[in-house]
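Reader: I would love a close look at one part of this model, taken slowly and with its surroundings. Please begin with the order of the elements along the first chain, and then go on to the sheets of its partner and what packs on them.

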Amino acid sequence: MMRSATQFRAAGYSINIVGLIGFLLVFSWALVAILAPWIIPYPIGEIVDFDYFGPISDKFWLGTDYLGRDILSRILMGARYTVGISLIAVMISCTLGVALGMTAAVVGGWFDTILSRFLDALNSIPSKLFGLVVVAGIGSSIPVLIMTLAIIYTPGAYRFARALSVNINTMDFVTVARARGEGTFFLIRSEILPNILGPVLADLGLRFVFIVLLLSGLSFLGLGVQPPNADWGALVRENIGGLPFGAPAVIFPSIAIASLTIGVNLLIDNLPQKIRDRST
Amino acid sequence: MANLVEIRDLKVEATSDAGRVIEIIRGVSFDIAEGEIVALIGESGSGKTTIALTLMGYARNGCRISGGSVSLDGRDMVRLSERERAAIRGTEVSYVPQSAAAAFNPAQTIMDQVVEITRIHDLMPRADAEQRAVSLFKALNLPNPQSIGSRYPHQVSGGQLQRLSAAMALIADPKLVIFDEPTTALDVTTQIEVLRAFKSVMKKGGMSGVYVSHDLAVVAQIADRIIVLKGGEIQEVGATEQILTAPQHDYTRELLSAFTPKQHARPQAPTAAARKPPLLDVLDISAGYGPIQADGLPLMRALKSVSFRLEEGRNLGVIGESGCGKSTLARVIAGILPQVKGDVIFDGRQLARSAAHRQKEELRKLQMVFQFADTALNPSKSIGDILSRPLSFYHGMGRRQQESRVCELLDMVRLPRAVRHRRASELSGGQKQRVNLARALAAEPKLILCDEITSALDTVVAAAILDLLKELQRELGLSYMFISHDLSTVQAICDEVIVMYNGEKVEEMATGLEEGPGHPYSRLLFSSVPKLDTRWLDSLELDPELVSAFARR
């Protein structure tokens with residue numbers, strides 16, 4: 001791997017400039033999500049402009065939407081839903097999927113076969129349809145949304161982690177640990193996880209993007225975040241009519257989605273590395 | 001005699017990830033006369049393959065030829081354009097790789113690949129090329145020379161494939177052939193046949209050759225001259241006979257002495273009265289892979305009713321060729337592969353078949369060290385963490401105790417203490433194997449199963465590991481079960497040897513005895529080990545019946 005010339009060092013870790021940019025993007029959106037209620041200029045549901053798809057102006061920094069509501073406020077509040085729901089859902093699905101995947105690879109046999117077939121079956125249900133049925137059945141609330149998204153993306157994370165773990169599992173150092181008498185938990189945590197962490201994190205970044213997109217899809221169908229609140233995907237969808245006019249109402253939510261997903265991926269591909277002193 | 005190859009002050013550089021420039025070859029000069037075979041010998045990392053590749057004007061990825069000249073038949077390979085070099089490769093200089101299995105395309109027939117060079121360079125019509133290939137197959141002593149070309153690479157054995165890759169290199173009648181460790185991956189009985197074929201073809205064709213190897217005994221059979229390399233510099237150049245009998249340079253002497261390890265000083269065979277119960281008693285073990293058949297045995301039987309015993313403080317060698325079941329035997333004893341039949345009795349107790357059902361104490365006393373030192377160490381953990389784990393697992397030691405014990409263990413295996421902060425990828429092959437040994441010692445075992453632990457190492461490094469094993473045995477009263485395909489390493493350390501063939505134990509005997517092996521297969525195996533004598537291959541006569549019965553060529 002080529003080492004970038006620009007490295008920043010702090011507290012025993014070094015991070016390169018790209019990773020730092022990614023971190024700043026993600027961190028600032030997280031900050032926005034937390035502070036949104038105190039920094040929005042207008043209440044999100046209030047129609048503040050007589051014009052719809054209004055341009056960028058002194059009063060409305062990012063223009064207004066199809067009903068004349070302030071887009072900046074809606075994006076800032078939308079960060080809560082997009083960042084919050086997607087982040088929690090991706091964490092749950094990856095943790096669950098990776099843990100099960102590693103266990104299946106290490107335990108093998110019947111456990112592996114049954115779990116794999118079960119998750120394959122789950123995977124075969126179209127994700128939008130699954131979301132539709134669950135939300136229609138139980139009703140839409142944020143915990144339901146999070147769990148639905150998490151369950152939809154667990155089989156993928158499981159497959160990915162299992163495939164990686166099967167390769168590591170055949171290595172001699174795992175055999176050594178087995179012959180030593182180590183239990184499954186130690187094998188997973190200490191021998192396998194550290195060696196698949198890089199690809200798993202990269203997968204987490206991708207999966208995060210998928211979840212953001214699916215969430216906006218569900219919102220479009222009216223199953224996601226309920227109006228007058230909206231996540232970024234819903235903002236894009238509801239303002240899509242402004243595209244022919246080049247309305248900022250449709251461009252800025254898109255930029256928000258792009259900046260978050262790119263930020264997450266940049267950060268994950270360039271995670272801080274522990275500085276290991278080779279001279280000692 | 002005119003010189004075919006003249007290498008003058010050759011320098012090759014590589015740029016590391018950190019942007020540091022490393023000199024791999026530092027000003028090497030030598031000549032190769034027409035019809036002469038020159039061997040490049042040295043340990044891994046000495047630059048022998050890199051030099052051989054420069055003869056084709058090629059430098060591996062990340063490397064570049066930074067100075068000097070490589071003149072082949074009057075043309076400087078360094079200065080030629082890539083197109084001109086491509087025209088020379090295959091026609092005037094050709095290459096036989098180390099792993100023929102990796103060099104053949106599994107999706108094409110052998111003939112298609114052997115005549116490929118004539119097609120690329122448009123040398124002769126296909127029919128002529130095929131005729132030539134068949135005559136080369138005959139010259140290389142391949143079975144069924146008429147039809148072997150229509151097979152696919154997986155349908156012939158490793159030794160045959162290696163000879164076929166030589167046919168591929170020889171098809172265009174090159175002036176110079178580069179052999180890059182072509183027999184290293186082969187069994188000894190196969191190696192003889194391949195060496196003989198190479199030698200006769202080279203002599204008949206009057207071609208020049210470069211033979212890259214780390215094995216002095218193999219080189220002694222085929223080369224006219226030997227060049228000893230270390231760290232990218234020539235240590236000594238001399239005729240084969242002179243290098244073997246009267247080495248001038250210290251490093252050459254070191255190589256030679258590493259080749260003939262000191263015979264194991266055998267402890268007095270215990271008298272009947274002093275005979276203790278055996279430490280390890282293996283009774284009638286059968287094991288294998290695949291689904292269990294009607295007779296209760298698996299489809300692929302790797303071990304067929306093997307029994308032996310090992311007394312405390314003594315060492316047992318297990319030898320045999322690849323696929324004979326010797327590694328499976330170690331895996332069964334360690335509980336990695338449960339046997340389907342038979343018992344393992346260790347230290348007076350019958351062991352459960354699978355390691356998962358054995359008690360911690362039983363597991364502790366029986367440790368295993370693997371062949372490939374690098375895959376046996378977790379790449380994401382520091383050496384200190386790797387060595388601490390058995391200490392906390394078996395002995396329940398606290399942090400501070402662990403740290404001091406790790407230092408003691410590193411001292412024991414002669415590694416600097418600072419190594420504990422490093423990771424496996426930052427150590428050399430020999431150092432990694434020492435760490436593996438230290439991990440086994442951390443458990444304070446009674447028996448260590450050593451599965452080919454020196455075969456991936458250079459001779460000098462391997463000899464040092466063997467010395468270490470002996471020393472540890474004296475200090476700690478260990479026993480070893482030493483698995484190897486290399487007779488001399490086994491003789492260096494073991495009291496008794498069992499010979500395995502095709503999953504069966506064919507012979508059990510003490511090392512260093514006068515009478516030698518009794519079973520025909522053991523005789524074949526023992527006589528196939530190359531000796532440091534230039535006339536050994538030519539004077540060797542193997543019973544053809546024996547060879548056809550046992551050697552898997």
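Author: Happily! From the N terminus on, chain A runs β-β-α-α-α-α-α-α-α-α-α-β, which makes 9 helices and 3 strands. Please keep in mind that this is a predicted model. The C-alpha atoms of chain A fill a box of roughly 75 × 55 × 30 Å along the principal axes. Of its 280 residues, 41% count as buried. Among the contacts in chain A with a separation of 6 or more, 67% are between residues 24 or more positions apart.

Now for the meeting with chain B: 17 residues of chain A are in contact with 24 residues of chain B. On the chain A side, α6 (172-180) and α7 (184-220) each supply at least two of the touching residues. The most comes from α6(A), with 7 residues. Sorted by class, this side of chain A has 7 nonpolar, 4 polar and 6 charged residues.

Let us cross over to chain B and its sheets. One of them is an open sheet of 4 strands in the order β12-β11-β14-β15, with antiparallel pairing. Its edge strands are β12 (298-310) and β15 (349-350) of chain B, each of which pairs on one side only. Strand β11 (residues 280-292) of chain B is joined to β12(B) by 8 bridges, and the two run antiparallel. If you want a place to rest your eye, B:D281 stands opposite B:R309 in β12(B). Packing on this sheet is helix α12 (residues 326-334) of chain B, which touches β11, β12 and β14 (341-346) of chain B. The direction of α12(B) makes about 75° with that of β12(B).

Follow α12(B) a little further, and you come to another sheet. α12(B) also lies across β13 (315-319), β16, β17, β18 and β19 (496-501) of chain B, running at about 150° to β17(B). These strands belong to an open sheet of 6 strands, in the order β16-β17-β18-β13-β19-β20 of chain B, with mixed pairing. At its edges stand β16 (366-369) and β20 (504-510) of chain B; each has a single partner strand, so one side of each is left without a neighbour in the sheet. From one strand to the next, the twist averages 15°.

The edge strand β16(B) deserves a careful look. In general, the side chains of a regular strand alternate between the two faces of the sheet. In β16(B), B:L366 and B:M368 point one way while B:Q367 and B:V369 point the other, and all are buried. β16(B) pairs with β17(B) in the parallel sense, over 4 bridges. Within that pairing, B:V369 has B:C450 of β17(B) as its bridge partner. Moving on, strand β17 (residues 447-451) of chain B is joined to strand β18 (residues 479-484) of chain B by 5 bridges, and these strands run parallel as well. Here B:I448 stands opposite B:Y480 in β18(B).

Next, a helix of chain B with two contrasting sides. Helix α15 (residues 399-412) of chain B has 14 residues and reaches 20 Å from its first C-alpha to its last, close to the 20 Å expected at 1.5 Å a residue. Its residues B:Q402, B:V406, B:L409 and B:L410 are buried. Because these four cover an arc of only 95° around the axis, they sit on the same side of α15(B). An α-helix has 3.6 residues a turn, so residues three or four places apart point the same way. The face of α15(B) turned away from the buried side carries the exposed residues B:R400, B:S404 and B:D411. What covers the buried residues of α15(B) includes α14 (383-395) and α16 (429-442) of chain B. Just after α15(B), B:R414 takes a positive phi of about 60°.

That brings us to backbone angles. Most residues other than glycine have a negative phi. B:D122, which is not a glycine, has a positive phi near 55°. B:D122 lies in the loop between α5 (116-120) and α6 (126-139) of chain B. Because B:D122 has 7 C-beta neighbours inside 10 Å, it counts as exposed. B:N141, also not a glycine, has a positive phi of about 65°. Its place is in the loop between α6 and α7 (158-170) of chain B. With 16 other C-beta atoms within 10 Å, B:N141 is partly exposed.

Conventions
Residues are numbered from 1 along each chain as its sequence is written. Chains are lettered from A and ligands numbered from 1 in the order in which they are written. This is a predicted model: local features need pLDDT of at least 70, side-chain atom pairs count only at pLDDT 80 or more; totals for chains, interfaces and linings use all residues. A residue is buried if 20 or more other C-beta atoms lie within 10 Å of its own, exposed if 12 or fewer, and partly exposed in between; C-beta atoms are placed from the backbone. Two residues are in contact if their C-beta atoms, placed from the backbone, lie within 7 Å. Ala, Val, Leu, Ile, Met, Phe, Trp, Tyr, Cys and Pro count as nonpolar, Asp, Glu, Lys and Arg as charged, and the others, Gly among them, as polar. The expected span of a helix is 1.5 Å times one less than its number of residues. The arc is that of the directions from the helix axis to the C-beta atoms. Two strands pair if DSSP finds at least two bridges between them. Axes are lines fitted to C-alpha atoms, for helices over the stretch in contact, and angles run from 0 to 180 degrees between N-to-C directions.
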